[in-house]
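Q: Please take a close look at one part of this model. I want to know how its helices pack and which charged side chains pair up.

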Amino acid sequence: MAEERNAQSLIEQAERAAVAGDLAAADDLLRAAARIQEAELGPFHPDLTSTLNNLAIVAEKAGRIGDAETFYRRAAAIASA
């Protein structure tokens, strides 16, 4: 049986991957969750802000500072809108 690929389950999987040190998998899962959230909730939803912030943290830990900054800025823009 295929696991349902909703945003919340992807976020939970991403958290487990990050804890295990698999930042690439965490990044992929969080990006997929963000796409779903944006499509289902809209581009200014607080849940999307949280996911983008988590993406920034993963990117920062992976040494991708430019990506981290982009995600942090987008999350901040949504939070302040």
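A: What follows covers helix packing, then salt bridges.

This is a predicted model, in which local features need pLDDT of at least 70, side-chain atom pairs count only at pLDDT 80 or more, and totals for chains, interfaces and linings use all residues. Residues are numbered from 1 along each chain as its sequence is written, and side-chain values use heavy atoms, with hydrogens and water left out.

Start with helices α1 and α2. Helices here are DSSP runs (H or I, at least four residues), numbered from the N terminus. Helix α1 covers residues 7-19 and helix α2 covers residues 23-41. Their axes come within 8 Å and cross at roughly 160°. That makes α1 roughly antiparallel to α2. The term applies to angles over 145 degrees. Axes are lines fitted to C-alpha atoms over the stretch in contact, and angles run from 0 to 180 degrees between N-to-C directions. The α1 and α2 crossing is left-handed. In a left-handed crossing, the near helix is turned anticlockwise from the far one by less than a right angle.

Now the contact residues (contact means heavy atoms within 4.5 Å). On the α1 side they include Leu-10, Ile-11 and Gln-13. On the α2 side they include Leu-29, Leu-30, Ile-36 and Gln-37. By class, the contact of α1 with α2 has 13 nonpolar, two polar and no charged residues. Ala, Val, Leu, Ile, Met, Phe, Trp, Tyr, Cys and Pro count as nonpolar, Asp, Glu, Lys and Arg as charged, and the others, Gly among them, as polar.

Next, helices α3 and α4. Helix α3 spans residues 46-61, and helix α4 spans residues 65-80. The two pack at an angle of about 160°, with their axes 8 Å apart. That makes α3 roughly antiparallel to α4. Their crossing is left-handed. Residues of α3 in the contact include Leu-52, Asn-53 and Glu-60. Those of α4 include Asp-67, Phe-71, Tyr-72 and Arg-74. The contact of α3 with α4 has 13 nonpolar, two polar and three charged residues.

Then the charged pairs. Side chains of opposite charge can pair when their charged atoms come close. The structure holds five salt bridges. Each is a side-chain nitrogen of Lys or Arg within 4 Å of a carboxyl oxygen of Asp or Glu.

One of them joins Glu-38 and Arg-74, at 2.9 Å from N to O. Glu-38 lies in helix α2 and Arg-74 in helix α4, so the pair ties together parts that are 36 residues apart in sequence. Glu-38 is partly exposed at 31% relative accessibility. Arg-74 is also partly exposed, at 33%. Buried means under 20% relative accessible area, exposed over 50%, and partly exposed in between (1.4 Å probe, protein chains only).

Another bridge sits within α2. Arg-31 pairs with Asp-27, the closest N and O atoms being 2.7 Å apart. The two are four residues apart, about one turn of the helix. Asp-27 is buried, at 8%. Arg-31 is partly exposed, at 30%. Both belong to a salt-bridge network with Arg-64 and Asp-67.

Helix α4 has an internal pair too. Arg-73 bridges Glu-69, with the closest N and O atoms 2.8 Å apart. These residues are also four apart, about one turn of the helix. Arg-73 is exposed at 57%, whereas Glu-69 is partly exposed at 39%.

Methods: Angles under 35 degrees count as roughly parallel, over 145 as roughly antiparallel, 65 to 115 as roughly perpendicular and the rest as oblique.
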